[in-house]
Amino acid sequence: MYLTECPYCGQRVRKRAPRLERDAEAEVVPRRRRPPSLPRLRSDEIPGIAPETRPYATIVLIAAALATSLTWVAGVSTLDLGAIRAPIADGEWWRLFAHAFVHTNAGALFATLFATGLFGMLLERRFGPAAVLAIFLIGATAGGALTVALDVYPAIGANGAALALLTAWTVDDRLAQRRGDDRGNDLLGVAVIAAVLLLLPLADEDTSWAAGLGGAAAGAIMGALISPFRR
């Protein structure tokens, strides 16, 4: 009910409000909209920013190292899995890089695979999976070869291969800065990771310092070679 005035005599009268239709009474419930999402960053969409890709090669390397290390834990001899414990016999050249996929220490396993995952992913976004596989294997091979040349045994673990990825990324980053492409990366954390990898032989007697130095040197060379060819 509501009060109104008669338009003819001015007397106040009480009137019943008109009945609204059911559809009009119902509140309009707004549709829920999905929050906007950004598509993956395409190659060269933003200058200086690497495209978003899944690091398949890095995942394969980590999975292979975990699989062989768990196989060792299950009781298979590390020597049969590629560890370098003595001068390499004829026909066993594959041990020069296979030692990077065997770990006998949980701490060394975590440190090396963490560095492999981090710098492998960064390199794979910029240069693709083939570059990551090549740097990892060449770094491991160079480390194994230096270990054999200097008679520093044993050589087990991916410290050399991980350092190869780290130094390749660092060299590329520094060369990019010289070309005017300052990416604003903080190298303090990189230095800490490098120090941990280089000092691993102090905590794990199965880790070779020669493998670490050989891998780091090979990675630096590879980083300089691939730096101009950013994807």
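# Exercises on a predicted helical model

The buried residues of helix H9 are Ala 210, Ala 211, Gly 212, Gly 214, Gly 215, Ala 216, Ala 218, Gly 219, Met 222, Gly 223 and Ile 226. The model that contains this helix is predicted, and the exercises below examine its elements in turn.

**Exercise 1. Describe helix H9: its span, its start and its packing partners.**

Step 1. Helix H9 covers residues 209-226, which is 18 residues. At 1.5 Å a residue, H9 should span 26 Å; the C-alpha atoms at its ends are 26 Å apart, so the expected and computed values agree.

Step 2. At the start of H9, the backbone nitrogen of Ala 210 lies within 3.2 Å of a side-chain oxygen of Ser 208.

Step 3. The buried residues of H9 pack against three helices: H4 (106-127), H5 (129-150) and H6 (159-178).

**Exercise 2. Determine the overall make-up of the protein.**

Step 1. The protein has nine helices and two strands. From the N terminus on, the order is β-β-α-α-α-α-α-α-α-α-α.

Step 2. Of the 231 residues, 38% are buried. The accessible surface comes to about 14,200 Å², and carbon and sulfur atoms account for 61% of that surface.

Step 3. Among contacts with a separation of 6 or more, 73% join residues 24 or more positions apart.

**Exercise 3. Analyse helix H5: its span, its buried residues and what covers them.**

Step 1. H5 has 22 residues and, at 1.5 Å a residue, should span 32 Å; its end C-alpha atoms are 32 Å apart, so the two values agree.

Step 2. The buried residues of H5 are Ala 131, Val 132, Ile 135, Phe 136, Gly 139, Ala 140, Gly 143, Gly 144 and Thr 147. An α-helix has 3.6 residues a turn, so residues three or four places apart point the same way.

Step 3. The cover over these buried residues includes H2, helix H3 (95-98), H4, H6 and H9.

Step 4. After H5 comes Asp 151, with a positive phi near 55 degrees.

**Exercise 4. Are Ala 142 and Pro 129 buried, partly exposed or exposed?**

Step 1. Ala 142 is in helix H5, and Pro 129 is also placed in H5.

Step 2. A residue is buried under 20% relative accessible area and exposed over 50%. Ala 142 has 25%, so Ala 142 is partly exposed. Pro 129 has 37% and is therefore partly exposed.

Step 3. Beyond its neighbours within four places in sequence, Ala 142 is in contact with Gly 214 and Ala 218. Both Gly 214 and Ala 218 are among the buried residues of H9.

Step 4. Ala 142 and Gly 160 are 18 residues apart in sequence, with C-alpha atoms 8.1 Å apart. Pro 129 and Thr 53 are 76 residues apart in sequence, with C-alpha atoms 9.9 Å apart.

**Exercise 5. Which residues have the most contacts inside the largest nonpolar core, and which elements give two or more residues to it?**

Step 1. The largest nonpolar core has 35 residues; Phe 119, Leu 123, Ile 135, Phe 136, Leu 165, Leu 166 and Leu 197 have the most contacts inside it.

Step 2. Two or more residues of this core come from each of helix H2 (56-73), H4, H5, H6, helix H7 (188-198) and H9.

Step 3. Leaving aside neighbours within four places in sequence, Phe 119 is in contact with Leu 165, Leu 166, Trp 169, Val 190 and Ile 193.

**Exercise 6. Where is His 99 found, and which residues does it touch?**

Step 1. His 99 is in the loop between H3 and H4. Its relative accessibility is 2%, so His 99 counts as buried.

Step 2. Not counting residues up to four places away in sequence, His 99 touches Gly 82, Ala 83, Ile 84, Ala 140, Gly 144, Ala 155, Ile 156, Gly 157 and Ala 211.

Key:
Residues are numbered from 1 along each chain as its sequence is written. This is a predicted model: local features need pLDDT of at least 70, side-chain atom pairs count only at pLDDT 80 or more; totals for chains, interfaces and linings use all residues. Side-chain values use heavy atoms; hydrogens and water are left out. Helices (H or I, at least four residues) and strands (E, at least two) are DSSP runs, numbered from the N terminus. The expected span of a helix is 1.5 Å times one less than its number of residues. Buried means under 20% relative accessible area, exposed over 50%, partly exposed in between (1.4 Å probe, protein chains only). Contact means heavy atoms within 4.5 Å. A polar contact is a pair of N or O atoms within 3.5 Å; within protein, one must be able to donate a hydrogen and the other to accept it, and residues adjacent in sequence count only if both atoms are side-chain atoms. A nonpolar core is a set of buried Ala, Val, Leu, Ile, Met, Phe, Trp, Tyr and Cys residues joined through side-chain atoms within 4.5 Å. Accessible areas come from the Shrake-Rupley method with a 1.4 Å probe; for residues, only the protein chains shown count as cover.
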